[in-house]
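Thanks for coming. I have one structure to go through today, in two parts: the cysteines, then a helix.

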Amino acid sequence: MDKRAPATLPEAFEAWFAGRGWSVRPHQRALFERVRSGASALLIAPTGGGKTLAGFLPSLVDLSARPPAVNRPHALHTLYISPLKALTADVARNLETPVREMGLSLRIETRTGDTPPSKRQRQRAFPPDILLTTPEQLCLLIASEHPRAFFQDVRIIIIDEIHALAPTKRGDLLALALARIARWSEEHVRIGLSATVAEPLALARWLAPDAVIVRGAAGAAPVVDVLDTDARIPWSGHTGRHVMGDVYAAIKRARLALVFVNTRAQAEMTFQELWRVNDDNLAIALHHGSLDVAQRKKVENAMARGDLRAVVCTSTLDLGIDWGDVDLVVQMGAPKGASRLVQRIGRANHRLDEPSRALLAPTNRFEVLECRAARDAVSEGALDGAGSRLGGLDCMAQHIMGAACGEPFSADALYEEAVSTAPYADLSRAQFDQTLNMVATGGYALSTYDRYRRIIEDPKTKLWRARTKDAARQHRMNVGAIIEAEMLDVRLAPGRAKGGAETPAYAGRRLGQIEEWFIEGLTPGDTFLFAGEILRFIGLRETDVLTVRAKGETEPRIPSYAGGKFPLSTFLAARVRAMLHDRDAWKRLPDQVQEWLTIQALRSVIPEPDHLLIETFPRANKHYMVCYPFDGRLAHQTLGMLLTRRLERLRKQPLGFVASEYALSVWGFEPMGDVDFAALFDEDMLGDDLDAWLAESALMKRTFRNCAIIAGMIERRYPGQEKTGRQVTFSADLIYDVLRAHEPDHVLLKAAFADASEGFLDISRVGALLKRARGKLTHIDLPRVSPFAVPVMLEIGRETAPGVGAVEAVLSDVAGDLIADAMGDLMGQPVRPKQQGGEDEARLDHRGGDGAVGARLGVRTGQRRNPGGERSGARKSPRRRRG
């Protein structure tokens, strides 16, 4: 970029804005001026504020001053990087408008995993002016031959939705790739674009050491409502059936609604339920990452044309794409984070001066609290999100291999590049050298195996390069940090066999992909939901799942997907705990939820925001311990594993545990009320107990497996073939066992433990939880289950139920008994606040009796009156201990 050029927009650009009835916004002009002066910049502006156009303005102005494309050599000027392929295509399409209307002679192309190989080869030989791509394709270009020639003319790099990339492994690889490009193109500047940034300074540092922050003016405040329904709010589960009629009514009032869910399984369920109540036959579509690319594009095109009234979607439509007519966003279930909610709300309206509308539809009682906490955070402008992270050593290993496949490097120079990035600023030279040695030899324990010797150092030049062309080709086939479970293609297979039985005649239309482990649990004839249809499983043919449509089925299985759930953010968890303790906040909650909280306060206690409530009680010949950290399912699962190990040593004979987003329940044969809870929940459980568990944990092996794939120690893809999930797992388990036995300080083991701390096991959050609870434990020994414990207790039965209908059938009696025990004769009675001892305590008027409870619940209460008129199993006063 010519820094001598004036930092003002040319007349042609000013005229283009004026011709559209627009004026250049202050943040667009400010970003343009910063970039023209040679400074990198992070632009934070609300959705609808023209961020993308602002990001491309410096490029368009600079390119407009050059000769037409046909009269100048091919050179890449601007590199645009997006986390989503769909967003890349959408931005390219939108960018063509100003280029065409201003008569600019530019070549703009996209490069994603869907780009044909012939086009990708042509792009390397004849680069376009502007290339829109993804982090994975960028790493692939760096690992290709002659990368310096391709990148040396780059002047501007734009990173869209930067907040979604920076705190991830994809972000680690991207940061290293940008540092590599900086060696070849020292004069380039970087532009980061985002609407939701919790820590601007840290994100600007990630973008570039000298990056300045440019802020856009706030737009109209969004209108966010939490759905209040007259239907009974479930205690547990995530189907949202009870609010589907209300959601459908909201869709009818909108032009186009995006119905966001948090998992692909929930997307399939919600789509089916909306069509069940779709009496007006509205055009409602489904969009998630497992559907076939052609099907997703078909839905996206229908949205762009205005042919649809609603789309049920996952995070595939979270980011940046302007769908124009969307005027309502519905969030089914809690959003799990304030920033994620803001991002999704931004898909509605896409105009800065008009408010976006969103409707949150809680699917259970705890989610009522979480949805209101998220709404309050949005109204306050408070954001959350993952903070800065240390770069993964597995990503460092992949980058080292990629660099060796492209332009040979010296170890000193590559280390300097690495520590210039934010994720690897604290990387020691010893860590770098150990990682380099792993790529070169596999490490001490694996050095005798030739297949792990992938790079070599030239003894004369001291430059590292790929050992063989085959090693370089293998690396290029396995680039990236996105690890998915083994997937199989789902296809319709039309035809009939003798006797009328449906059978495949051939592999027909591809519907999408499903995880192998789910199909392994099916037998021919089983039905399941996929791509918005109920399918009958016929059989497997190589990697194809052959199916036929199965009409009239009422209990199909619902596929679930590994890694599909968002964890509850620490930020929202703290707000939920505060809301629980704030009695005034209860007044704004639905009557059912107020009643639930009030009876909890009577039966047990409402914990203070910084205290950890632990309840113990007997039920059905077992004894239970339930605690309520509100720290998310991953952290609770790890805590459950560690607690059961300690309870075993205390001879409490724990039988198992179950974790939800909000609570953890452990059960066994022995009473647990006499346990020293201060010792049980001591932070030292993250020492020897954690090490002992990790040594035998399947989750730790799974984490190691992913690190080994990213580092290139295990390659999934080969020319013309791909390893099965079982083959990959088998290889990973062998390497894991060898390294633990012979090289416990191996780079991959360190990388796996670091991942476990933040990923599958969330060890860092467990540590924060235990630290927060130290000296602030509240133990209540109860005669029976409490209202708070009911949701997590219901999860115990839900784990193995095969389908939606079956879940409800299996749980109906269990739920009724649990609720009756927890709420008892207090349920359904008017609340009468009463002053006692200087402290407000909500008490209940005990009029009515068991009949009112049974009528309200529609189930047996399980309580009997003895001849004296006193209830059997009358409530005993709970014992309270504080630790």
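How many disulfides does the structure hold? Zero. Keep in mind that this is a predicted model.

Take C395 as a case. The closest cysteine sulfur to its own belongs to C707, and the two sulfurs are 8.3 Å apart. A disulfide needs the pair within 2.5 Å, so C395 and C707 are too far apart for a bond. C395 is also buried, with a relative accessibility of 0%. C405 comes out at 6%, so C405 counts as buried as well, the cut-off being under 20%.

Now the helix, α13, which runs over residues 293–305. With 13 residues at 1.5 Å a residue, α13 should span 18 Å, and the distance between its end C-alpha atoms is 18 Å, so the two agree.

Which residues of α13 are buried? They are R296, V299, E300, A302 and M303. Around the axis these residues cover an arc of only 160 degrees, so they lie on the same side of α13. What do they pack against? One helix, α4 (85–101), and three strands: β9 (257–260), β10 (284–287) and β11 (310–313). The other side of α13 has K298, A304 and R305, which are exposed.

Last, the two ends. At the start of α13, D292 places a side-chain oxygen within 3.2 Å of the backbone nitrogen of A294. Just after the helix comes G306, with a positive phi of about 85 degrees.

That is what I have on the cysteines and the helix.

Key. Residues numbered from 1 in each chain as written. Predicted model: local features only at pLDDT ≥ 70, side-chain atom pairs only at ≥ 80, totals over all residues. Heavy atoms only, no water. Buried < 20%, exposed > 50% of the residue type's maximum accessible area, 1.4 Å probe, protein only. Helix = DSSP H or I, 4+ residues; strand = E, 2+ residues; numbered from the N terminus. Expected span 1.5 Å × (residues − 1). Arc of directions from axis to C-beta. Contact = heavy atoms within 4.5 Å. Polar contact = N/O pair within 3.5 Å; in protein donor to acceptor, adjacent residues only side chain to side chain.
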